Amino acid sequence: MGRFLQFLLHRPVLRSSLAVTIAVFLSCCCPASGKKKLYIGALFPMSGGWPGGQACLPAAQMALDLVNNRTDILPDYEMELIHYDSRCDPGEATKLLYDLLYTEPIKVVLMPGCSSVSTLVAEAARMWNLIVLSYGSSSPALSNRQRFPTFFRTHPSATLHNPTRVQLFQKWKWTKIATIQQTTEVFTSTLDDLEERVKEAEIEISVRQSFLTDPAVAVKNLKRQDARIIVGLFYETEARKVFCEVYKEKLYGKKYVWFLIGWYADNWFKIKDPSINCTVEQMTEAVEGHVTTEIVMLNPETVRGASNLTSQEFLAQLMSKLGGKNPEETGGFQEAPLAYDAVWALALALNKTVGPLKAKGLGLEDFNYNNRDITSEIYRAMNTSSFEGVSGHVVFDAQGSRMAWTLIEQLQGGSYKKIGYYDSTKGNLSWYGNDKWIGLGPPADQTVVIEEFRYLSQKLFVSVSVFAGLGILLGIVCLSFNIYNSNVRYIQNSQPYLNNLTAVGCMVALAAVFPLGIDGLYVHRRQFPVICQFRLWLLGLGFSLAYGSMFTKIWWVHTVFTKKDEKKDKRKVLCMITAPVTMILSSQQDASFAFAALAIVFSVYITLVVLFIPKMRRLIMRGEWQSDAQETMKTGSSINNNDDEKSRQLERENKELQKIIQEKEERVSELRNQLTERQALQSRRRTSTVSNHSSPPITITHSNPRSLAQPPGYSAPNSDPHIVSPTFTNSSSLCQPKGKINRNNCHTSRLQMLYK
């Protein structure tokens, strides 16, 4: 046996396990001072997404020491903590929960930390009739009494942040926000609750992004969709990844407002993290000015509660317990008061059950995982808890969640500054100093961001409105000038009615600039639809009148110069052309307003200047202020009598052509006479030749009847085919047989005779 013990003692792992087993056995069999042990199974995350156990475990041990030394609280019992490191990992917590449940001694209560771990523990605890009391779980899902019937927590639900956020959104009249979350149940359920609350407040979540481990794509989407008011829901380690990407995308500064969870360590952005490639300076620049909403975890008043300690005395003892560690680098330092009060809430509740259980012949030491009576007594005692703790007044609602105030802080110059409180039970929002928003830049700036945006917007609106007003004045001058000089022929010939419509349309379009840039602060919510419709109607009507009349004029000129030969009664009536109006709408209200308003102003100015200034200049320079009949004859007749002039020109051309045709006909008649005379001469010669030689007559027939064909429109000569002697045919014929009368087959010596 001695050798076996020596073998065990030489094995480090076995040695530690043996020591724990012996200690537990001795504590069960021989409790100190005759007190009975009550064991609490706890899970404290010393690392992971939220390493809250680094400060919460020492705070819980401080509370246990004080409770065990009190004679008025559980005088016959001694509470002992059996704890493990859950790493804020549900998988690791599953293994540890198995060890807690299936390893002696029996645990009276379970105390998990992270929301993901608490969800696992609380859902399984009902099967073992165990009360679960959490000190660091904020998931709204844990408020479900059907799913977690024995769950309590001194950390308020994360949904308690949402009423505060909505109050801030309404206070500064933000109607559109964006969200980015880590895909875990705690943040998903928190965001679902926020979505319901902002919907009731008529606030829109325009962008909703999520990520599992890498937030790069989600942050780029926020940038691409121009998110400005952004609510971020993620653990501290992921927060460093997010803001490293925020720095790369330049999604920070005075144009952006970030809302984060307030339970990170104060220097969370300065902690070196191998998973990011941003420097401390870059991270500090990116996170500057963000706002946090944090549950009030330290009693701001100097009162002594159940532990007989003030909040400041508690912090002093905790700092001593931590051994001089920097609180900013210690995970869970802010939540330490919650862990401290959780132990006190458990001790006071167990103390309440001693009397009722004794009346039933039971004691807390009789608890086992099958005894529902003791569990019911502990549940009733916890549900009625109410005491002053170092974190404030401790009380649970019907869902087992802590009710508390919300602290609003802002990072200024690398450190968090308190800027206000919100009491969700009364709906009161109180501020430090004056009731103004703290600037989002460096602390020395002290610029009120909303007032700065509004000032710049109003300045832009006033500037553009001045140009619009001057444009309307110019339109009135042009319209008056056109109406007053309507009797001047130069004005009459330029379609003055269409010009008047153009001027009126330009003024109506300029009037649309004013409702386009009006500040919603001065408009009642019910009047928004009317104003939006009014500006669209003004813009559409102005565009239709101005550019429709110009297109009509262009069409009129087109018909005059391309269809002059058509009769006037066949012309179709000039129609109003309405162009579709599209507006660029985005969350960049100032840029959108500037683009739309300046486009309207410049286009109207160009239209009025090009259309009216040349007319005004001509009339002023030439003194053409009265109607001029001669000018009308010169200009009006050239346009209105164009068809008559063309008719007269055609008549002149027709007469000239008829004269030419008559001359040609006379010439042709002369040539016919000459041809007839020559044919007669040839006939006499042939007769003489026949009589002298007594040769039989030879009849010459043309092989091609078209050779002697007459021109179109002329009648053929009334002469019969003649008989030509062979001698004349062979020696003095004008054309070769079977040929046409042309330059190729006519003898050149006979051409002069033919055309003599």
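Which residues of the largest nonpolar core touch the most other members? I took this as the opening entry, working throughout on a predicted model.

**Entry 1. Cores**

I looked up the largest nonpolar core, which has 137 residues, and found that Phe243 and Trp258 touch the most other members. I then asked which helix gives the most to this core. It is helix α12, residues 336-359, with 13 residues. For phenylalanine 243 I listed the contacts, leaving out residues up to four places away in sequence: Trp258, Leu260, Trp268, Met283, Ala286 and Val287. I also noted a second, separate core of 26 residues, with Val508, Leu516, Ala546 and Leu611 among its members. As background, I recorded that nonpolar side chains tend to be buried together in soluble globular proteins.

**Entry 2. The whole protein**

I counted 23 helices and 15 strands in the secondary structure. Of the 756 residues, 43% are buried. I noted an accessible surface of about 41,100 Å², with 57% of it belonging to carbon and sulfur atoms. For contacts between residues at least 6 apart in sequence, I found that 72% join residues at least 24 apart.

**Entry 3. Aromatic pairs**

How many aromatic pairs does a search of the whole structure find? The search gave 20. I examined tyrosine 102 and tryptophan 128, whose ring centres are 6.1 Å apart; the planes stand at 90°, so I entered the pair as edge-to-face. Tyrosine 102 belongs to helix α4 (residues 90-102), while tryptophan 128 sits in the loop between α5 (115-125) and β4 (131-134), so the pair ties together parts 26 residues apart in sequence. I checked whether tyrosine 102 is buried or exposed. Tyrosine 102 is exposed, with a relative accessible area of 53%.

I turned next to phenylalanine 169 and tryptophan 174, with ring centres 6.4 Å apart and planes at 50°, so this pair is tilted. Phenylalanine 169 counts as buried at 0% relative accessibility, and tryptophan 174 counts as buried at 11%. The cut-off behind both calls is a relative accessible area under 20%.

I also recorded one aromatic cluster, formed by Phe187, Tyr235, Phe243, Trp258, Trp263, Tyr264, Trp268 and Phe269. Phe243 and Trp258 in this list are the residues noted in Entry 1 as touching the most other members of the largest core.

**Entry 4. Arginines over rings**

I looked for charges over aromatic faces. Arginine 145 lies over the face of phenylalanine 152, at 5.0 Å from the ring centre. Arginine 228 lies over the face of tyrosine 256, at 5.5 Å from the ring centre.

**Entry 5. Helix α6 and asparagine 162**

Why do I describe helix α6 as largely enclosed by the rest of the structure? Eight of its 11 residues (161-171) are buried, so the description follows. I listed the buried ones as His161, Asn162, Pro163, Thr164, Arg165, Val166, Leu168 and Phe169. After α6 comes lysine 173, for which I noted a positive phi, near 55°.

I then followed asparagine 162, which is placed in α6. Asparagine 162 is buried, with a relative accessible area of 0%. With what does the side chain of asparagine 162 make a polar contact? I found the side chain of arginine 165, at 2.9 Å. A polar atom of the asparagine 162 side chain also lies 3.1 Å from the backbone oxygen of threonine 190. Beyond four places in sequence, asparagine 162 touches Thr190, Asp193, Leu194 and Arg197.

**Entry 6. Helix α8**

In helix α8 (residues 216-224) I found Ala216, Ala218, Val219, Asn221 and Leu222 buried. I asked what covers them. The cover includes β6 (176-182), β7 (204-211), β8 (229-233), α9 (236-249) and β9 (257-261). Aspartate 226 follows α8 and has a positive phi, near 55°.

**Entry 7. Valine 109**

My last entry concerns valine 109, in strand β3 (residues 107-111). Valine 109 counts as buried at 1% relative accessibility. I noted that the C-alpha atoms of valine 109 and tyrosine 39 are separated by 7.4 Å, although the two residues are 70 apart along the chain. Setting aside neighbours within four places in sequence, I found valine 109 in contact with Tyr39, Ile40, Gly41, Leu130, Ile131, Leu133 and Leu346.

Key: Residues numbered from 1 in each chain as written. Predicted model: local features only at pLDDT ≥ 70, side-chain atom pairs only at ≥ 80, totals over all residues. Heavy atoms only, no water. Buried < 20%, exposed > 50% of the residue type's maximum accessible area, 1.4 Å probe, protein only. Helix = DSSP H or I, 4+ residues; strand = E, 2+ residues; numbered from the N terminus. Polar contact = N/O pair within 3.5 Å; in protein donor to acceptor, adjacent residues only side chain to side chain. Contact = heavy atoms within 4.5 Å. Phe/Tyr/Trp six-rings, centres within 6.5 Å; stacked < 30°, edge-to-face > 60°. Lys NZ or Arg CZ within 6 Å of the ring centre and 35° of its normal. Areas by Shrake-Rupley, 256 points an atom, 1.4 Å probe, with all protein chains shown as cover. Core = buried A, V, L, I, M, F, W, Y, C linked by side-chain atoms within 4.5 Å.
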